[in-house]
Amino acid sequence: MDPSERYSRAAVAASAVVIRDYSTSFSLAARLMPRRVRGHITSIYGLVRVADEVVDGACTTDPRAHLDALEQAVERAIDEGFSANLVVHAFAHTARETGFGAELTRPFFASMRADLAPAPHTEESLAEYIHGSAEVVGLMCLRAYLAGAAPSDYDRLAPDALRLGAAFQKVNFLRDLTDDELRLGRAYLPELTQRAYDEALDDAAADLAAGRAGIARLPADVQRGVRTAADLYGELLRRLRAAGLDGARSGRVRVPAARKAAVLARSLASSR
């Protein structure tokens, strides 16, 4: 095997370890993807997870400097095709193979930087944050799904990817209320009342429905994996609605493993 090919394969395996340890839902969805895109999705979420951990407390010595260095390493690796950091290398390999670069990575890192200095969001700043932290990740994944396709396909499907990415992030805001507010000092949705909480759930549900509608327009071989991720978030959304604001603030709402298995079975049945 060519040394560069072997190194890239090891890099993707390293990213798989990262997402398996931090997110069973995305790890499961990635494994349901066809071989042609599985490594790319793993590599994207591996890098996203590392950046999240830099700003969420894993880095205790100057996280801003480490985040800046990570962004510089990513851009250099995309330009040169190599990094000694395995997760960065895997991500850069995917970016080069599927055709994206700084137009998506820079908004992502800008949103990560915003988490280092939490401040109340305006409607405009929150939309910008969601775009950088989640919507561009959806666009990265779309590049992977459409590798080799006509540019017009990407333009046609991008709005659906944006809505699905936004839905996932808005659900995450509501799931992580306690951790964000008490440990990290962040208030993505400040001054929440039960009514505002319900409206935020409705907003996330609308994005999720719009994003789900676009799944049927994706290449057939990736629909199962994307649908499974959407179904898992739909189940989490249902549980957040049942818990109410007080329940969400009392602790992180989760989908139990048994229920995840049931959602997976249902997704597989509907795919068939």
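**A friendly note on helix packing and one cavity**

1. Helix α9 (residues 177–183) gives the most to the lining of the largest cavity, contributing 3 residues. Please keep in mind as you read that this is a predicted model.

2. Let us stay with that cavity for a moment. How many cavities of 30 Å³ or more does the count come to? The count is 1. The volume of the largest cavity is about 50 Å³. Which residues line the largest cavity? You can pick them out in the structure as F173, L177, D180, E181, R186, A187, Y188 and L189. Sorted by class, this lining holds 5 nonpolar and 3 charged residues, with no polar ones.

3. Now for the helix pairs, starting with α1 and α5. Helix α1 covers residues 3–22 and helix α5 covers residues 86–98; they pack at an angle of about 110 degrees, and their axes are 8 Å apart. Angles of 65 to 115 degrees count as roughly perpendicular, so α1 is roughly perpendicular to α5. The crossing of these two helices, α1 and α5, is left-handed.

4. Which residues bring α1 and α5 together? On the α1 side, look for Y7, S8, A11, V12, A14, S15 and V18; on the α5 side, they meet L86, V87, H89, A90 and H93. The residues in this contact of α1 with α5 comprise 8 nonpolar and 4 polar, and no charged ones.

5. Helix α1 has another partner to look at, helix α3 (residues 35–56), with which it packs at an angle of about 60 degrees, the axes again being 8 Å apart. Are α1 and α3 perpendicular or oblique to each other? They are oblique, because an angle of about 60 degrees lies outside the 65 to 115 degrees that count as roughly perpendicular. The crossing of α1 and α3 is left-handed.

6. In the contact between α1 and α3, V12, S15, A16, V18, I19 and Y22 of α1 meet G39, T42, S43, Y45, G46, R49 and E53 of α3. By class, that contact of α1 with α3 has 6 nonpolar, 5 polar and 2 charged residues. Try finding V12, S15 and V18 of α1 on screen: they take part in the contact with α3 and also in the contact with α5.

7. The last pair is helix α6 (residues 102–114) with helix α7 (residues 123–145), which pack at an angle of about 140 degrees with their axes 8 Å apart. Helices α6 and α7 are therefore oblique to each other, and their crossing is left-handed. From α6, the contact uses L104, T105, P107, F108, S111, M112 and A114; from α7, it uses E128, Y129, H131, G132, S133, V136, V137, L139 and M140. The residues of this contact of α6 with α7 divide into 10 nonpolar, 5 polar and 1 charged.

Note on methods. Residues numbered from 1 in each chain as written. Predicted model: local features only at pLDDT ≥ 70, side-chain atom pairs only at ≥ 80, totals over all residues. Heavy atoms only, no water. Axes fitted to C-alpha atoms, helices over the stretch in contact; angles between N-to-C directions. Helix = DSSP H or I, 4+ residues; strand = E, 2+ residues; numbered from the N terminus. Parallel < 35°, antiparallel > 145°, perpendicular 65-115°, else oblique. Left-handed = near helix turned anticlockwise from the far one by under 90°. Contact = heavy atoms within 4.5 Å. Nonpolar A, V, L, I, M, F, W, Y, C, P; charged D, E, K, R; others polar. 1 Å grid on protein atoms, 1.4 Å probe; cavity = no way out; pocket = protein on both sides within 12 Å on 5 of 7 lines; lining within 4 Å. Points joined across faces, edges and corners; volume = space filled by probe spheres on them.
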